[in-house]
Amino acid sequence: MYHKPKIVVLGAGYAGLKTVRDLTKALSPDEADIVLINKHNYHYETTWLHEVAAGTINPNQARFMISDVVNPSRVRLIYDTVEKVNKEDQRVILENGEITYDYLVIATGFETNTFGIKGMEENSLSIVDINSSRLIREHIELKFAKYSAGEITDESALTILVGGAGFTGIEFVGELAEKVPQLCKKYDIDLKKTRIINVEAMPSILPMFEKDLVEYAMKSLEDRGIEFRLGAAINECTKDSFIIGENNEEIKAGTIVWTGGVTGSSVLTESGFEIERGKVMVNSDLRAPNHDNIFVLGDCAWVMDPQADRPFPPTAQAALQHGEVCARNIKALLHDEPLENFHFVDRGTVASLGVTDGIGNILDGTKLTGKAAATMKKVVDNRSLFKLGGTRILLKKGKVRPF
Ligand SMILES: Cc1cc2nc3c(=O)[nH]c(=O)nc-3n(C[C@H](O)[C@H](O)[C@H](O)COP(=O)(O)OP(=O)(O)OC[C@H]3O[C@@H](n4cnc5c(N)ncnc54)[C@H](O)[C@@H]3O)c2cc1C
């Protein structure tokens with residue numbers, strides 16, 4: 001009897017949602033059943049979460065309903081948490097049930113990695129999804145409100161400590177530089193009483209950018225009051241402080257956010273995949289080694305860059321491209337055709353430093369700073385919205401903030 005193949009996609013982020021959208025265009029309904037499983041009934045733009053966490057955009061701007069961009073009569077949508085995959089009997093175990101698959105796509109993204117720093121997991125907040133980012137926004141505002149109301153008298157309640165000076169940490173402090181003055185106005189607090197401190201073990205910030213761009217970013221942020229403690233390892237995170245450096249200096253704060261590390265989804269380890277530095281090192285066609293019907297994408301995967309002899313950096317840009325190649329490769333498998341290898345097309349990297357400033361490298365090696373970079377960042381953000389949601393979502397949620 002004919003068995004219609006079932007394709008199950010785990011995670012509706014950049015990689016998973018793009019895979020599903022492309023599969024629905026590439027395959028007719030008779031060719032395969034498609035199932036998309038995600039924790040929530042919405043997709044969020046992970047690359048906007050630092051803005052949600054700082055409170056410079058509304059959480060609803062950074063998310064949209066999955067059923068608005070994927071036809072539920074074409075794709076079965078399951079909103080549940082994936083616990084693990086039983087590869088032996090091709091079954092996905094969910095918090096509230098289970099489902100079998102013929103082809104599986106794992107795209108459940110990243111989780112926070114605190115590298116075993118004492119107290120970090122228990123005492124810090126982190127930017128992972130809409131809920132955790134919204135919690136940071138509310139936490140900061142509550143500290144300001146309580147200080148203003150006299151419920152807290154210690155000024156350190158108005159200090160925000162951010163661990164890690166990679167993309168997320170720096171973009172986050174850039175947004176805080178915009179938001180904190182607004183909170184001071186709202187709660188009648190003297191701005192001089194507030195502090196935003198970024199702590200980083202490495203001697204420099206944003207290692208993916210060249211020296212001149214990094215210097216620009218540091219100066220721009222310092223001019224707006226951000227303090228940097230570089231080359232300072234965090235030895236411990238207590239409930240209201242970091243203990244840093246060789247002298248165990250204690251810096252007290254009302255809000256502590258860890259952005260210093262991520263690892264691939266725990267679904268990978270729970271499912272018994274071979275893991276290298278938190279992720280699966282996939283074959284060049286994006287399949288897991290020794291599993292011809294399982295693709296691993298986005299922040300769950302390392303994909304080797306044959307030119308550089310190291311994996312491509314994990315980015316939203318790469319995750320979207322994984323989704324495109326994965327959809328074509330699943331179609332190739334169904335049609336008994338050869339699979340294609342993944343080739344990353346690097347369109348450049350742009351980091352925001354708040355609403356009106358940024359740094360970036362684009363396609364042809366052009367370097368951008370200031371408003372030009374901030375504008376480019378919005379173009380990049382809108383492009384990803386368009387790729388996942390089409391014109392309607394772009395018009396509804398796109399960024400058109402005037403300078
Ligand atoms: C604040 C921030 C800023 C960033 N800025 C940039 C940038 O400017 N440019 C760039 O290219 N990259 C940036 N990145 C990195 C980029 O966001 C990631 O590389 C990208 O999100 C990876 O896409 P993904 O599809 O693998 O995972 P995600 O987009 O994170 O999606 C994972 C999906 O899986 C779901 N999920 C997770 N676990 C489960 C489970 N157990 N069961 C069911 N569903 C689950 C989640 O809810 C989510 O919908 C940034 C990251 C952050 C945090």
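Contact here means heavy atoms within 4.5 Å. Helices (H or I, at least four residues) are DSSP runs, numbered from the N terminus. The model is predicted: local features need pLDDT of at least 70, side-chain atom pairs count only at pLDDT 80 or more, and totals for chains, interfaces and linings use all residues. Residues are numbered from 1 along each chain as its sequence is written, and side-chain values use heavy atoms, with hydrogens and water left out.

**Helix packing**

The table lists three helix pairs. Axes are lines fitted to C-alpha atoms over the stretch in contact, and angles run from 0 to 180 degrees between N-to-C directions.

| Helix pair | Angle | Axis separation |
|---|---|---|
| Helix 1 (residues 14–26) and helix 8 (residues 316–334) | about 35 degrees | 7 Å |
| Helix 1 and helix 9 (residues 370–397) | about 40 degrees | 10 Å |
| Helix 4 (residues 130–148) and helix 5 (residues 167–186) | roughly 35 degrees | within 11 Å |

With helix 9, the angle of about 40 degrees makes helix 1 oblique (under 35 degrees counts as roughly parallel, over 145 as roughly antiparallel, 65 to 115 as roughly perpendicular and the rest as oblique). Helix 1 passes helix 9 in a left-handed crossing, meaning that the near helix is turned anticlockwise from the far one by less than a right angle; clockwise is right-handed. Tyr14, Leu17, Lys18 and Arg21 of helix 1 touch Ser384, Lys387, Leu388, Gly389 and Gly390 of helix 9. This contact has 3 nonpolar, 3 polar and 3 charged residues. Ala, Val, Leu, Ile, Met, Phe, Trp, Tyr, Cys and Pro count as nonpolar, Asp, Glu, Lys and Arg as charged, and the others, Gly among them, as polar.

Helix 1 and helix 8 cross in the right-handed sense. On the helix 1 side, the contact is formed by Tyr14, Ala15, Lys18, Thr19, Asp22, Leu23 and Ala26; the helix 8 residues include Ala316, Ala319, Leu320 and Gly323. By class, the contact of helix 1 with helix 8 has 10 nonpolar, 2 polar and 4 charged residues.

The crossing of helix 4 and helix 5 is right-handed. Ile136, Ile140, Glu141 and Phe144 of helix 4 meet helix 5 residues, among them Phe172, Leu176 and Val180. The contact of helix 4 with helix 5 divides into 8 nonpolar, no polar and 2 charged residues.

**Ligand surroundings**

The ligand is surrounded by 31 residues (a heavy atom within 4 Å). The closest are Ala15, Val82, Asp299, Ala316 and Lys377.

Polar contacts are pairs of N or O atoms within 3.5 Å. A polar backbone atom of Tyr14 is 3.1 Å from an oxygen atom of the ligand. For Ala15, a backbone N or O atom lies 2.9 Å from a ligand oxygen atom. A polar backbone atom of Ala316 is 2.9 Å from an oxygen atom of the ligand.

Terms used: Helices (H or I, at least four residues) and strands (E, at least two) are DSSP runs, numbered from the N terminus. A polar contact is a pair of N or O atoms within 3.5 Å; within protein, one must be able to donate a hydrogen and the other to accept it, and residues adjacent in sequence count only if both atoms are side-chain atoms.
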